Amino acid sequence: MRKILFVLVVVGFVMGCEEPKLEHKTSIKVSYSVEVDSLAKDGRLLLMLSSDDSDEPRFQINDGLNTQLIFGMNVENWAKDSVVTFNESVFGYPYESLKDVPPGEYNVQALLHVYETFNLSTGHTVKLPLDNGEGQQWNKSPGNLYSKPFKIRVASNGFENVSVDLDQVIAPIEEPEDTKWIKHVKVKSEKLSEFWGRDIFLGAHVLLPKGFEEHPEAKYPLIVFHGHFPSDFGGFRTTPPDPNLKPEYSDRFSLDGYNIIQQQEAYDFYKRWNEPDFPRFIVIQIQHPTPYYDDSYAVNSASQGPYGDAITYELIPEIEKQFRGMGEGWSRFLYGGSTGGWEALAVQVKYPDEYNGCFAACPDPIDFRAYTLTNIYEDENAYFYKSAHKTLEVPSHRNYLGQIQSTLKQGNHLELVLGDKSRSGQQWDIWEATYSPQAEDGYPERIWDKRTGDIDHEVAEYWKENFDLRYILERDWDKLGDHLKGKIHIYCGDMDNYYLNNAVYLMEDFLESTTDPYYEGEVKYGDRDEHCWNGDPDQPNAITRLRYNTMYVPKIMERIEKSAPKGADLTSWRYK
């Protein structure tokens with residue numbers, strides 16, 4: 001009995017002396033000391049934590065499995081040396097709060113993505129990041145403020161008294177120089193400048209044909225290669241691969257020395273471009289970043305303005321004037337992949353007589369019943385499958401075996417951290433900025449609640465009437481059909497990483513059912529091929545994605561011979 005009493009006394013003593021649980025405290029204070037060109041700054045302040053020492057945290061944020069941590073908030077009129085505090089209430093990704101960060105050692109870094117004020121012709125005033133030559137990349141945009149990374153330790157009860165100073169400014173980017181083959185054009189757009197309330201410029205990298213200077217009598221067909229923001233004309237190289245280039249492994253394609261393969265393909269294109277039997281074209285890659293993304297999607301939209309008209313009626317005619325383009329719809333062609341694939345098809349549909357054919361590879365959703373894996377017209381929620389008793393998230397990215405790397409919810413929450421009001425500069429937000437009506441505050445209407453995924457079906461109807469390409473074609477085929485015969489070519493891998501093949505199936509169903517008139521184009525699929533398969537059944541994605549500028553040429557030539565008007569110039573540009 002004594003022993004029992006003794007044990008009880010000891011246990012009681014130990015329990016009575018147990019250390020109280022420490023209060024969880026988490027905060028990081030951020031200020032900037034670097035000299036800037038204004039008294040105060042507006043923008044999105046981003047705080048990043050990384051357990052990976054291989055690079056700066058700002059280059060380790062993504063919606064894949066290897067992402068690091070990020071938290072974000074808006075700042076307005078933020079003055080030098082004043083302090084902004086990140087606490088547990090600030091929304092983050094992939095952890096929603098700083099209190100959820102696991103104990104351990106982290107590199108910490110902060111960055112201010114600077115916003116400019118735009119007074120739109122619609123009467124709205126909005127604050128958005130102006131592109132500074134980098135193609136709307138928040139982590140390397142010139143003029144953004146950032147700090148050098150340093151280590152902190154997160155304990156089980158959090159961390160506090162951490163201060164971060166933004167003492168660095170991202171330097172300007174040098175513009176590319178003209179060469180014999182590649183010229184660079186920048187045109188002020190009157191249409192866009194009026195919309196945005198300030199001067200807006202469109203740019204293009206122009207690849208000239210062999211013999212351009214030696215054949216002043218020649219006029220040339222024009223090929224528009226649509227895609228993401230190009231820093232220069234890509235995939236063209238006048239020398240063999242660098243013999244001292246260290247081989248790099250491509251995780252995406254599981255290939256050793258992919259950087260050498262890229263250089264070889266670029267050199268092979270140069271050689272093909274100069275062969276006697278190769279048609280003489282002008283190829284352009286367009287720079288048309290907006291405050292919402294690295295690319296405008298090349299159509300007119302409520303929140304971004306008349307980019308479609310500006311490109312088709314201002315930029316392209318100026319290029320044709322400077323470089324002896326034919327300047328007629330039968331002599332213009334469009335191609336591209338992913339974003340560029342959607343643009344190629346959308347521009348052809350929106351401007352049916354201004355272009356003579358589109359080659360759309362792995363296009364972004366061209367039927368919003370398959371907005372990746374969401375039917376925006378019938379589904380209630382984009383993030384979760386409907387179920388009475390299960391919670392199952394909708395995936396957003398897979399590999400060719402169907403293994404999942406991310407979900408719609410995760411990708412959208414990352415965007416919400418990077419910027420509210422569709423200002424993240426990422427994929428889901430640019431679709432909103434392009435397809436949505438303008439809200440009362442001047443920003444795009446949300447297609448769904450960014451936190452919950454609940455879909456706004458009124459906004460969906462606006463998308464349908466204005467940008468659902470399959471619906472528009474079906475609705476207006478009696479007007480468009482004769483103008484689009486032979487012009488639509490679509491290619492997609494049946495294991496597209498973003499499930500884009502689902503919308504292509506629906507588009508094909510419509511196109512193949514049309515008989516008045518029949519569309520006279522093609523839709524093809526790559527068996528087990530992933531994103532950006534572009535129509536070559538004999539080569540893998542890793543190679544075909546590097547051959548856009550040559551692989552559609554035979555089909556373009558066939559189209560020209562079939563459709564060129566009587567008396568058209570089919571010879572001056574066919575010299576050896």
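C362 is buried in this predicted model, with a relative accessible area of 0%. The closest cysteine sulfur to that of C362 belongs to C532 and lies 3.2 Å away, which is too far for a bond. A disulfide requires two cysteine sulfur atoms within 2.5 Å, so the C362 and C532 pair, at 3.2 Å, does not qualify. A disulfide is a covalent bond between the sulfur atoms of two cysteines. Across the whole structure the search returns 0 disulfides. C358 takes part in none either, and the cysteine sulfur nearest to its own, that of C362, is 13 Å away. C358 is likewise buried, at a relative accessible area of 0%.

**Confidence**

The mean pLDDT of the chain is 94, and 96% of the residues reach at least 70. Residues 1–17 are a stretch where pLDDT stays under 50, and the model gives this segment 0 contacts beyond four places in sequence. Where pLDDT is low, the predicted coordinates should not be read in detail.

**Cavities**

The model contains 2 cavities of 30 Å³ or more. The largest has a volume of about 40 Å³. Its lining is made up of H113, P129, Q136, W138, P291, R423, S424, G425 and Q426. Sorted by class, these lining residues are 3 nonpolar, 5 polar and 1 charged.

The second largest cavity holds about 30 Å³. Around this space sit H226, A298, G308, I311, T312, I316, V347 and Y355. Helix 4 (residues 307–322) makes the largest contribution to this lining, with 4 residues. The class split for the second largest cavity is 5 nonpolar, 3 polar and no charged residues.

**The second largest pocket**

The second largest pocket encloses about 660 Å³. It is lined by 29 residues, of which D131, G133, E175, K186 and Q287 are the closest to its centre. Strand 13 (182–188) and strand 14 (201–207) each contribute at least two lining residues. Strand 14 supplies the most, with 5 residues. The lining of this pocket comprises 15 nonpolar, 9 polar and 5 charged residues.

The class counts for the three linings are set out below.

| Space | Nonpolar | Polar | Charged |
|---|---|---|---|
| Largest cavity | 3 residues | 5 residues | 1 residue |
| Second largest cavity | 5 residues | 3 residues | no residues |
| Second largest pocket | 15 residues | 9 residues | 5 residues |

**H228 and its surroundings**

H228 lies in the loop that runs between strand 15 (222–226) and helix 3 (258–273). This histidine, H228, is partly exposed, with a relative accessible area of 36%. When neighbours within four places in sequence are set aside, the contacts of H228 are with Y293, D294, D295 and T339. H228 and Q285 are 57 residues apart along the chain, and their C-alpha atoms are separated by 9.2 Å.

Key: Residues numbered from 1 in each chain as written. Predicted model: local features only at pLDDT ≥ 70, side-chain atom pairs only at ≥ 80, totals over all residues. Heavy atoms only, no water. 1 Å grid on protein atoms, 1.4 Å probe; cavity = no way out; pocket = protein on both sides within 12 Å on 5 of 7 lines; lining within 4 Å. Points joined across faces, edges and corners; volume = space filled by probe spheres on them. Nonpolar A, V, L, I, M, F, W, Y, C, P; charged D, E, K, R; others polar. Buried < 20%, exposed > 50% of the residue type's maximum accessible area, 1.4 Å probe, protein only. pLDDT = per-residue confidence, 0-100. Contact = heavy atoms within 4.5 Å.
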